[in-house]
Amino acid sequence: MSTTTPSYEARSRSLKQSDPEVFALIQRETERQEYGLEMIPSENFVSEAVLEAMGSTLTNKYAEGQPGKRYYGGCHVVDEVENLASARVCELFGADFANVQPHSGVQANQAVFEAFLKPGDTFMGLRLDQGGHLSHGSPVNFSGMHYKVVGYGVKEADGLIDYDQVRSLAREHKPKLIIAGGSAYSRQIDWKPFREAADEVGAIFMADIAHYAGLVAGGSYVSPVQFADIVTTTTHKTLRGPRSGMVMGREAHRKAINKAVFPGLQGGPHMHTIAAKAVMAREALTPDFKTYAAQVVANARALAEGLTKRGLKIVSGGTDSHLMLVDLRPVGVSGKIGEEVLDKVGITVNKNTVPFDPQPPSVCSGIRLGTPALTTRGMGVAEMAHVAEFIYEALANAQSEAKLKTVADNVRELSKKFPLYRHRLTR
Ligand SMILES: Cc1ncc(COP(=O)(O)O)c(C=O)c1O
């Protein structure tokens, strides 16, 4: 008896019909995002347009290579998609070129190492325990495993990057690469001293703006593009695009970066994500996005002020960006407990070491907070005053289930006033 495969159309049912289990999990996560306060600074809420591009038929297409020089047929449409994404990103940041193929921020960074360093070569980055990122030299990451790391830090007195140390370490160790940028540094980075240090020793200067990219695009954080040889970023944080990465830079480095990304590190680019990056860049080129970026910073400042007023300590005394590191020692709570308590009331944060933290990273003394996601929902300075109150009340009453319940109710009430993906919820 011969059997025939049912047509694609006949097999095509909604996710709800075809896989109720996954559908239900997505519903639960959407609900969590909708009715809680998302304050992890590296998270944001993408638009329906970005979601649509990510869920498109472009996921089906293999396109190894560069536009116009692919290793697969049928790439004429996705070539246009990638060219559009790169052109918009270059316009947004004023870069000579943009490689939009990296699957993530770490892979974007890895491409720079591949392009300019050999295993065993020396590079400099901000120490992880002082605000840097895993891929800037952590011993458990490729960057720390395969290269010689010289870490610089912040000053204990004011929590600001020690630019004198950057200069002196560069002179002493003659690195091939100097990285500026980090994951828990809230202040404006002065890009010029990095450029000068790199020039003095003949190093490549790379700025990793994964965290600040949206603020840079919106004109609320000084751009490193005119200073750095290479700029890497994620696209899903303040930039509010799909989960991904990219590398931008000066024309002279285009070839080396392109070769490092493919065939050096990756196979086929994720064309659906690249389309979503094009959508992201178009959104970020609008005047509305400038307003958004400025509001993110204004909200972070208001939140820092509200927390300081209640006796919490903000590392470096404040913020110039979307994020802040809060030292919880004044309320006698560790970072680990702080994260757990805030989770209970529907405020999502992550524990984080503070510079010169006496606690191990698994316990640590601080939490990292950010305003990009709340700002996307439409919250402003007035709401930040409430949020500061909720955070303080939860931390100061960590042992009282009744008090935590009140805070949780208040969190839910506030989030209900700022609808997000409610139309996606079926219940
Ligand atoms: C400064 C910095 N670089 C790179 C990354 C890595 O990005 P991804 O998680 O997409 O690999 C992050 C992520 O938090 C980051 O903060």
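Which domains does the domain assignment of the protein chain give? In this predicted model, the assignment yields domain 1, spanning 53-284, and domain 2, spanning 287-424, and the C-alpha centres of the two lie 28 Å apart. Across the boundary, 25 residues of domain 1 are in contact with 24 residues of domain 2. On the side of domain 1 that touches domain 2, α10 (213-217) and α12 (271-284) each contribute at least two residues, with α10 giving the most, namely three residues. By residue class, this side of domain 1 comprises eight nonpolar, ten polar and seven charged residues.

An open sheet with mixed pairing is formed by seven strands, arranged in the order β4-β10-β9-β8-β7-β5-β6. Strands β4 (97-99) and β6 (148-152) are the edge strands, each of them pairing on one side only, and neighbouring strands of the sheet are turned against each other by 20° on average, direction ignored. Within the sheet order, β10 and β9 are listed side by side; strand β9 (residues 230-234) pairs with strand β10 (residues 245-249) in the antiparallel sense over five bridges, and Thr-233 stands opposite Met-246 in β10. Helix α6 packs on this sheet, where it touches β7 (177-180), β8 (204-208), β9 and β10, and its direction makes about 155° with that of β9.

Helix α6 (residues 105-116) also supplies the largest share of the shell around the ligand, with three residues. Of the 15 residues around the ligand, those that come nearest are Ser-104, Gly-105, Val-106, Ser-183 and Ala-210. The shell divides into two nonpolar residues, twelve polar residues and one charged residue.

How values were computed
Residues are numbered from 1 along each chain as its sequence is written. This is a predicted model: local features need pLDDT of at least 70, side-chain atom pairs count only at pLDDT 80 or more; totals for chains, interfaces and linings use all residues. A residue is near a molecule or strand if its C-beta atom, placed from the backbone, lies within 6 Å of it. Helices (H or I, at least four residues) and strands (E, at least two) are DSSP runs, numbered from the N terminus. Ala, Val, Leu, Ile, Met, Phe, Trp, Tyr, Cys and Pro count as nonpolar, Asp, Glu, Lys and Arg as charged, and the others, Gly among them, as polar. Domain bounds come from an automatic or database domain assignment. Two residues are in contact if their C-beta atoms, placed from the backbone, lie within 7 Å. Two strands pair if DSSP finds at least two bridges between them. Axes are lines fitted to C-alpha atoms, for helices over the stretch in contact, and angles run from 0 to 180 degrees between N-to-C directions.
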